[in-house]
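Work through the three exercises below with the model open. Each task is followed by a solution in steps.

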Amino acid sequence: MRILVVEDEQKLAEVLGRGLEEHGYAVDVAHDGEVGLQMAELEPYDLLILDVMLPGLDGYTLCRRLRAGRRNVPVLMLTARDAVDDRVTGLDSGADDYLVKPFAFRELLARVRALLRRDGLSRDPILRVADIELDTVTHEVRRGGQPVQLTSKEYAILEYFVRNPNRVLTRTQIAEHIWDYNFVAMSNVVDVYVGYLRRKLGDHREPQLLHTIRGTGYQLKAPKRVESGA
Ligand code: CA
């Protein structure tokens, strides 16, 4: 999952960026509103963390313009004051949730997870496809009940697949949601990571879940559930 942080306080932006990266997110940072809006329009972010008081363009205006351009990316707004007016203006400009500064990083993480859940069909923090189980809070992964140890990038790729079952995902799509702006795409990096993932998931045997779509990318095929007769 890839997040854009729009925050002009350098120190806070840095702490947020580092903290989110430690939790497996790819993060880009913009320090003013104009740049933030441009980046949000160009890159396929999964979530925006948006400060209200910004140079260039304030957070409310940025959010309104984003929504006017039909961009539905979830937005978590950071407000400096715990005033009803600020919260109402934020939500009415198209934000999905808000946090009042100063906040605990743990709470920010929990709100990020909740917003990312809203996007999909399931509100369950445990994601399941076939016999794969992914705990989005602890990042624990199981296949057939057995724990699978993944690095944070491997986890991020698997989460992206599990959130998009049966969709053919191109290498570019995968790279854009897993790596940040500074990432220089080496042609085979996605293939390399999918290879690691397959090995760790024991996905070499039939029935395979992770399929290579020749010339395009990959697809996590979710077999139709066969209900056992009672
Ligand atoms: Ca600010």
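**Exercise 1. Place glutamate 154 in its surroundings.**

Task: which residues does glutamate 154 contact, leaving aside its neighbours within four places in sequence?

Solution. The model is predicted. Step one: list the contacts of glutamate 154, which are Gln149, Tyr193, Tyr196, Leu197 and Lys200. Step two: locate the residue; glutamate 154 sits in helix H6, residues 152-163. Step three: take one partner, tyrosine 196. It is 42 residues from glutamate 154 in sequence, yet the C-alpha atoms are 7.5 Å apart. Step four: check accessibility. Glutamate 154 has 4% relative accessibility. Buried means under 20%, so glutamate 154 counts as buried.

**Exercise 2. Describe how H6 and H7 cross.**

Task: at roughly what angle do the axes of H6 and H7 cross?

Solution. Step one: read the geometry. The axes of H6 and helix H7 (residues 171-178) come within 10 Å and cross at roughly 120 degrees. Step two: classify. The two helices are therefore oblique to each other. Step three: the crossing is right-handed. Step four: name the residues. H6 brings Lys153, Ala156, Ile157, Tyr160 and Phe161; H7 brings Gln173, Ile174, His177 and Ile178. Of these, 6 are nonpolar, 2 polar and 1 charged.

**Exercise 3. Analyse the calcium site.**

Task: which residues coordinate the calcium ion?

Solution. Step one: the donors are Asp8 (OD), Asp51 (OD) and Met53 (O), at 2.1 to 2.3 Å. Step two: their spacing along the chain is D-x42-D-x1-M. Step three: aspartate 8 lies in the loop between strand S1 and helix H1, and methionine 53 in the loop between strand S3 and helix H3, so the pair ties together parts 45 residues apart in sequence. Step four: aspartate 8 is partly exposed at 28%, and methionine 53 is exposed at 62%.

Definitions and conventions. Residues numbered from 1 in each chain as written. Predicted model: local features only at pLDDT ≥ 70, side-chain atom pairs only at ≥ 80, totals over all residues. Heavy atoms only, no water. Donors = N, O, S within 2.8 Å, 3.2 Å for Na, K, Ca; no water. Helix = DSSP H or I, 4+ residues; strand = E, 2+ residues; numbered from the N terminus. Buried < 20%, exposed > 50% of the residue type's maximum accessible area, 1.4 Å probe, protein only. Contact = heavy atoms within 4.5 Å. Axes fitted to C-alpha atoms, helices over the stretch in contact; angles between N-to-C directions. Parallel < 35°, antiparallel > 145°, perpendicular 65-115°, else oblique. Left-handed = near helix turned anticlockwise from the far one by under 90°. Nonpolar A, V, L, I, M, F, W, Y, C, P; charged D, E, K, R; others polar.
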